[in-house]
Amino acid sequence: MSGDEHTETGTGWPKQPGPQPPTGPAGEPDPRPDAPDPDELSPLAPEVEVDPEPPPATAGESRLDRAAGRPFASALALVGGWRRTSPATVMIFVLLALLGFTLVEQLRTTSTDPITSAARQEDLVRILYDLNSQEKRLRQDIAALEDSQRQLLSGEQGQQAALEEAARRADELGILAGTLPARGPGLVVRFEPGGAGAISAMRVLDAVQELRGSGAEAMQISGADGVTVRIIASTYFLDGENGSLFVGGRLLTGPYTITVIGDPATMRTALNIPGGVVATVDGDGGTVIVEDREVAEVSALHAPIELEYARPIT
Amino acid sequence: MIAALALVAGMLLGLWLDPTVPGALQPYLPIAVVAALDAVFGGVRAKLDRIFDDKQFVVSFISNVLVAALIVYVGDQLGVGSQLSTGVVVVLGVRIFGNVAAIRRHLFRA
């Protein structure tokens, strides 16, 4: 649109030929029912009171039509104090009322929902696309975060499992090393020396080895005076005086009782094999009494060994 | 005078009735309102220039609104509706600015 065009819009150029109403042939009445008086159309025309005295040129028929439209026009004139009430004025009124109406409506529509209601279709599609991609991004975020959560959780579980495993191993090793008391099914083996032959350290060691070979897991030996020694890998047996016994540095006197935890049937069989511990001690004149125990307790402890030179290889 | 009255009457009517804009008209209403505003400012300017003409105002008002809506409609059909409506709003805004400048010169001599 060119720059000079805007001066035309809404501005009445009275001399312009286009919008001027054709008045028709001279003398002939205007065919339009409510044709305005040509004088009224010109804003520059002096404001004359037209309605009370219509010009004599207009025919009677036209006068009737004008009279029919007069109440509304006169009402308008009353309201606005406007003397010239041509149909164009009424039209202006209607148009401006419509403008106000739509203006308010549009403002209200835009203010209630500024995003979606005023947007056209492609904008809505774009908004939808944006929201979709945003949702996708957020879903990826969620997946990543869930993944890391799972990893952390499994790491924690792994740590916990390793901790439990380590504790279990520590318990096992503690039982094997004699630093923890133990309880379980097993045997109580009593060595009672006979009149002549005492129970030598060799016999006791034989019995201990036999029990170890048949799956003993924890053992202790106690003498007659209640001294109890836990038997571990490094425990040694020495003959003492008068049939007494040095076990791991402690002096024990007979009769001796070995409490052992393991499979009772296997250990009993191992002790009773021909030429085994029971037979040998019997041959020496002593007696071996083997009793099953539902719950045997190995409660004697061995002081933990402080390793001075050996270091674990990790 | 009567124009301001009509505007106020229309606004009150809109506030009172509170109709909903039908979906088919929603893209065109804002453009039509802007075009009508342009026509109104042109009319005020013409009034101040003492060259106001009722009929021409009515015709220009209606044609402005219709052409603006038509341009947007055609733009929508061609798939460039948003760009074209932006263009229409820009052009009408320039015209409104020009008219308001003329009115300002009339009223304040500046």
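**An open sheet in chain A and a nonpolar patch on chain B**

In the predicted model, chain A contains an open sheet built from three strands, arranged in the order E4-E5-E6 and paired in the antiparallel sense. Strand E4 (237-239) and strand E6 (250-252) of chain A occupy the edges; each has a single partner strand, so one side of each lacks a neighbour within the sheet. On average, neighbouring strands of this sheet are turned by 30° against each other, direction ignored. In general, the strands of a sheet are paired through backbone hydrogen bonds, in either a parallel or an antiparallel manner.

The pairing of E4(A) with strand E5 (residues 245-247) of chain A is antiparallel and extends over three bridges. Within this part of the sheet, A:Asp239 is found opposite A:Leu245 in E5(A). Helix H6 (residues 201-213) of chain A packs on the sheet, where the helix touches both E4 and E5 of chain A. The direction of helix H6 makes about 160° with that of E4(A).

A second feature concerns the surface of chain B. A nonpolar patch is formed there by B:Leu70, B:Tyr73, B:Val74, B:Leu78, B:Val80 and B:Leu84, which together present about 520 Å² of accessible area. Helix H3 (residues 54-78) of chain B supplies the largest share of the patch, with four residues. One of the patch residues, B:Leu70, lies in helix H3 of chain B. B:Leu70 has a relative accessible area of 52% and is therefore classed as exposed, the cut-off for this class being over 50%.

Technical notes: Residues numbered from 1 in each chain as written. Chains lettered and ligands numbered in written order. Predicted model: local features only at pLDDT ≥ 70, side-chain atom pairs only at ≥ 80, totals over all residues. Heavy atoms only, no water. Patch = residues over 30% accessible without salt bridge, like charges linked within 9 Å, V, L, I, M, F, W, Y side chains within 5 Å. Areas by Shrake-Rupley, 256 points an atom, 1.4 Å probe, with all protein chains shown as cover. Salt bridge = Lys/Arg side-chain N within 4 Å of Asp/Glu carboxyl O. Helix = DSSP H or I, 4+ residues; strand = E, 2+ residues; numbered from the N terminus. Buried < 20%, exposed > 50% of the residue type's maximum accessible area, 1.4 Å probe, protein only. Pairing = 2+ DSSP bridges. Axes fitted to C-alpha atoms, helices over the stretch in contact; angles between N-to-C directions. Contact = heavy atoms within 4.5 Å.
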